[in-house]
Amino acid sequence: MSKKVALHNLGCKVNAYEVEAMQQLLEQAGYEIVPFQEGADVYLINTCTVTNIADRKSRQMLHKAKKMNPEAIVVATGCYAQTDTEKLKADTSVDLILGNNQKNRIVEVLAEYEKEHAKKACVIEINKTKEYEELSIDHTAEHVRAYIKVQDGCNQFCTYCIIPYARGRVRSRKIQEILEEVKALAAKGYREVVLTGIHLSSYGIDFKEAEERQTLLSLIQAVHSVEGIERIRLGSLEPRIITREFMEGISGLSKVCPHFHLSLQSGCQKTLENMNRRYTAEEYAQKCSLIREYYPAPALTTDVIVGFPMESEADFEESFEFVKNIHFYETHIFKYSRRHGTKAASMDGQLTEAAKAQRSDRMLELHEIRAREYEEAMIGKKMELLLEEEIEIDGRPWYVGHSREYVRAVISKTDAHRVNDLVTVKAVAFVRDHILETKEV
């Protein structure tokens with residue numbers, strides 16, 4: 001009788017990809033994958049450590065798993081397992097600890113535990129490895145879109161971020177291995193891929209051999225050649241990757257979607273320096289203008305941290321006005337969260353939660369206004385919709401999907417279409433906030 005494994009992911013898209021890759025390794029080894037509830041023989045939690053709250057959630061999920069079945073093997077993998085190994089060694093709820101760059105050993109490590117029943121930590125010095133951990137998937141929980149991890153690690157050391165310590169230095173995946181995975185997914189019918197990584201813009205900087213000198217642009221060009229893939233999206237980018245050469249390169253590739261997530265964090269120059277971000281606010285604005293030279297109405301999205309240490313009211317206003325003037329489609333707002341082990345955690349001028357909340361609310365109001373403006377501008381225009389699933393709104397059946405700009409939209413459900421179809425439509429109205437109604441053209 002096969003052992004039952006329940007998996008739970010915390011954190012980013014890279015973590016989600018790695019959980020799916022581990023699940024497929026376990027399936028191939030004969031394990032049965034079951035929901036994360038009582039009755040599993042093994043509970044695997046892929047942990048996150050981006051904030052102190054993420055650490056706490058990771059511990060809570062590990063304890064919950066052990067309570068659901070005290071006899072089960074509880075496995076802690078991922079970033080919290082990497083950075084707080086000693087705490088987990090002392091935690092009686094955890095049986096196995098698997099750090100980063102060790103996840104592809106999951107089947108082997110479980111087999112060893114079954115023999116010895118001795119607590120074990122498989123954690124390497126992540127900052128000393130140059131090896132990219134090869135993991136891959138040939139299907140995913142999403143029906144039409146697949147996230148592909150192409151890079152790991154980060155060399156930036158922003159003052160608020162623990163991730164370089166959890167993920168190590170930049171390590172890039174070889175293009176040939178990426179292409180094999182993309183082709184396998186295309187063969188199973190996936191039409192859209194999202195290239196993702198811990199610091200995607202650094203892709204290729206660690207390749208030393210002349211024949212391996214690749215860049216994010218050459219990777220995108222290679223993926224573009226894969227038959228069956230109709231859309232390519234990019235994960236979060238740093239402003240420095242947006243050069244004229246890069247824009248000329250991708251704008252000539254029809255599969256690249258006009259949807260760019262360009263990480264900002266603050267529109268205040270002083271705060272950017274305190275964060276150790278590697279660009280100025282002026283340079284960032286220039287990069288947005290450059291994107292708009294090549295794409296007439298791109299969806300520009302970003303991340304903004306409010307309430308960073310020493311951010312005065314004037315600094316926040318500078319950041320707010322900057323964000324307002326760029327006209328982002330979406331702004332993901334984060335209240336600064338103190339993370340032990342980072343430089344920012346010990347900085348003077350820590351703000352109150354009330355001050356952070358007030359600033360977050362103002363940014364959220366701006367986000368809502370700008371998102372509505374961008375979506376309203378789509379009404380009357382043609383768009384290409386990738387149908388993702390069937391839903392009901394007010395008792396009426398629809399297909400829902402995303403445009404190339406990643407605007408969410410619906411089309412009436414008919415027998416003429418099915419999930420995973422690409423349909424040319426025209427937006428006619430809002431069926432609900434942030435969901436456009438469309439008609440086929």
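This report walks through some local features of a predicted model, from its aromatic rings to its pockets and a handful of single residues.

## Rings that pair up

Let's start with the aromatic side chains. A pair of aromatic rings is described by two things, the distance of the centres and the angle of the planes. Searching the whole structure turns up eleven aromatic pairs. One of them joins F157 and Y165, whose ring centres are 5.4 Å apart and whose planes make an angle of 75 degrees. That makes this pair edge-to-face, because an angle over 60 degrees between the planes is what the label asks for.

Are these two residues buried, exposed or partly exposed? F157 has a relative accessible area of 29%, so it counts as partly exposed. Y165 is also partly exposed, at 40% relative accessibility. Elsewhere, Y279, Y284, F322 and F328 come together as one aromatic cluster.

## Arginines over rings

Some rings have a charged partner over the face. Take F320: R362 lies over the face of this ring, 4.2 Å from its centre. F430 has an arginine over its face too, namely R372, at 3.7 Å from the ring centre.

## A pocket and a cavity

Now for the empty spaces. The second largest pocket has a volume of about 360 Å³. Its lining is made up of 17 residues, and the ones nearest the centre are K130, V170, R171, D206 and F207. What kinds of residue make up the lining of the second largest pocket? Ten are charged, four are nonpolar and three are polar.

The structure also holds one cavity of 30 Å³ or more. About 40 Å³ of space lies inside the largest cavity. Its walls are formed by Q156, H199, E238, P239, R240, R278 and Y279. Sorted by class, this lining has three charged, two polar and two nonpolar residues. You may recognise Y279, which is also a member of the aromatic cluster with Y284, F322 and F328.

## Buried residues and what they touch

A40 sits in the loop between strands β2 (32-33) and β3 (42-47). Being in a loop doesn't leave A40 in the open: its relative accessible area is 0%, so it is buried. Setting aside neighbours within four places in sequence, A40 is in contact with K4, A6, V34, N69 and A72. The chain also brings L7 into the picture: L7 and A40 are 33 residues apart along the chain, and their C-alpha atoms are separated by 9.7 Å.

T196 belongs to strand β9, which covers residues 192-197. T196 is buried, with 8% relative accessible area. Beyond its neighbours within four places in sequence, T196 has contacts with K13, V14, Y147, I148, K149, V150 and Q151. L98, in strand β5 (residues 96-98), is buried as well, at 1% relative accessibility. Not counting residues up to four places away in sequence, L98 touches A76, T77, G78, A81, K103, I106, V109 and C122. For a sense of scale, try L98 and I411: they are 313 residues apart in sequence, and 45 Å apart in space from C-alpha to C-alpha.

## A partly exposed strand residue

H8 is found in strand β1 (residues 4-9). How accessible is H8? Its relative accessible area is 24%, which means H8 is partly exposed, because buried would need a value under 20%.

Leaving out neighbours within four places in sequence, H8 is in contact with F36, L44, I45, N46 and M61. D303 is 295 residues from H8 along the chain, and the two C-alpha atoms are separated by 25 Å.

## Two positive phi angles

Finally, have a look at the backbone. Which value does phi take at Q265? It is near 80 degrees, a positive value in a residue other than glycine. Q265 lies in the loop between β11 (259-261) and α10 (269-275). Q265 is buried, with a relative accessible area of 8%.

N276 also has a positive phi without being glycine, with a value near 65 degrees. This residue is in the loop between α10 and α11 (281-294). At 29% relative accessibility, N276 counts as partly exposed.

Conventions. Residues numbered from 1 in each chain as written. Predicted model: local features only at pLDDT ≥ 70, side-chain atom pairs only at ≥ 80, totals over all residues. Heavy atoms only, no water. Phe/Tyr/Trp six-rings, centres within 6.5 Å; stacked < 30°, edge-to-face > 60°. Buried < 20%, exposed > 50% of the residue type's maximum accessible area, 1.4 Å probe, protein only. Lys NZ or Arg CZ within 6 Å of the ring centre and 35° of its normal. Helix = DSSP H or I, 4+ residues; strand = E, 2+ residues; numbered from the N terminus. Contact = heavy atoms within 4.5 Å. 1 Å grid on protein atoms, 1.4 Å probe; cavity = no way out; pocket = protein on both sides within 12 Å on 5 of 7 lines; lining within 4 Å. Points joined across faces, edges and corners; volume = space filled by probe spheres on them. Nonpolar A, V, L, I, M, F, W, Y, C, P; charged D, E, K, R; others polar.
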